[in-house]
Amino acid sequence: MSPDITWRINIKNMQAKIRVGICEHEKKAPQSILINAAIDYESSAQPASINECFNYDSVHQLVVGKWQERQHVDLLETLVFELLSYIFTTDKKVKSATVSISKPDIYEEAEAVGVEAQWTRADFERLALGKK
């Protein structure tokens with residue numbers, strides 16, 4: 001068995017259409033969002049199976065599957081919190097993660113507008129689990 005190292009999963013510009021936003025026109029129909037994530041986890045330097053890795057398919061299933069069918073949510077921050085919580089809950093090997101979610105079609109003058117948060121496992125335990 002090889003020693004553990006830190007691996008990083010990068011998810012870049014995963015697209016989904018969901019109901020999000022505080023403006024009336026945003027509440028009427030789904031809109032495009034882009035999800036980016038960097039997920040750091042510890043595992044073997046030479047993993048032998050997916051069980052030793054973070055399976056990024058779970059993020060895809062949440063975002064492209066479940067989120068596209070969810071009820072309207074006002075804030076991107078709510079989605080970032082939910083996704084970070086999901087990442088840490090899904091795999092105990094995750095040490096830290098950064099998630100950003102943006103809306104590419106909000107302003108003609110901007111490529112996209114969004115929010116980003118970075119958590120460590122300690123942040124997850126404090127913020128999502130209520131541990132001190």
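**Note on the predicted single-chain model**

1. Overall composition. The chain has four helices and four strands. The model under review is predicted. Read from the N terminus, the order of elements is β-α-β-α-α-β-β-α.

2. Dimensions and surface. Along the principal axes, the C-alpha atoms of the chain occupy a box of roughly 55 × 30 × 25 Å. The chain contains 132 residues, of which 39% count as buried. Its accessible surface amounts to about 8,100 Å², and carbon and sulfur atoms account for 50% of that area.

3. Contacts and charges. When contacts between residues at least 6 apart in sequence are considered, 66% of them join residues at least 24 apart. The chain carries 16 positive and 19 negative charges, and the mean positions of the two sets lie 5 Å apart.

4. Strand β3. This strand covers residues 94–103, and nine of its 10 residues are buried, so β3 is largely enclosed by the rest of the structure. The burial cut-off that applies here is a relative accessible area under 20%.

5. Strand pairing around β3. Strand β2, residues 31–44, pairs with β3 in the antiparallel sense over eight bridges. Strand β4, residues 113–120, is likewise antiparallel to β3 and is joined to it by eight bridges. V99 of β3 illustrates both pairings: A37 stands opposite V99, and in β4 the bridge partner of V99 is A117.

6. Helix α3. The helix spans residues 76–90 and has 15 residues. From its first C-alpha to its last it reaches 21 Å, close to the 21 Å expected at 1.5 Å a residue. Its buried residues are L76, L79, V80, L83, L84, S85, I87 and F88. These buried residues pack against β1 (4–18), β2, α2 (57–66), β3, β4 and α4 (121–127).

7. L34 in β2. L34 is found in strand β2. Its relative accessibility is 15%, and it therefore counts as buried. Leaving aside neighbours within four places in sequence, L34 is in contact with N13, M14, Q15, S100, I101, S102 and P104. T78 is 44 residues from L34 along the chain, and the C-alpha atoms of this pair are separated by 15 Å.

8. N13 in β1. One of the contacts of L34 is N13, a residue of strand β1. A relative accessibility of 43% places N13 in the partly exposed class. The backbone of N13 merits attention during review: its phi is near 55°, a positive value in a residue other than glycine.

9. I9 in β1. Strand β1 also holds I9, which counts as buried because its relative accessibility is 13%, with the cut-off for burial set at under 20%. Beyond its neighbours within four places in sequence, I9 is in contact with A37, A38, I39, Y41, F54 and Y56. Among these, A37 is the residue that stands opposite V99 in β3. I9 and C53 are 44 residues apart along the chain, and their C-alpha atoms are separated by 9.4 Å.

10. Points for inspection in the model. Three places may be viewed together: β3, with nine of its 10 residues buried; the buried residues of α3, which pack against elements including β3 and β4; and N13, where phi is positive.

Technical notes:
Residues numbered from 1 in each chain as written. Predicted model: local features only at pLDDT ≥ 70, side-chain atom pairs only at ≥ 80, totals over all residues. Heavy atoms only, no water. Buried < 20%, exposed > 50% of the residue type's maximum accessible area, 1.4 Å probe, protein only. Helix = DSSP H or I, 4+ residues; strand = E, 2+ residues; numbered from the N terminus. Pairing = 2+ DSSP bridges. Contact = heavy atoms within 4.5 Å. Areas by Shrake-Rupley, 256 points an atom, 1.4 Å probe, with all protein chains shown as cover. Lys, Arg positive; Asp, Glu negative; His and termini not counted. Charge placed at Lys NZ, Arg CZ, Asp CG, Glu CD. Expected span 1.5 Å × (residues − 1).
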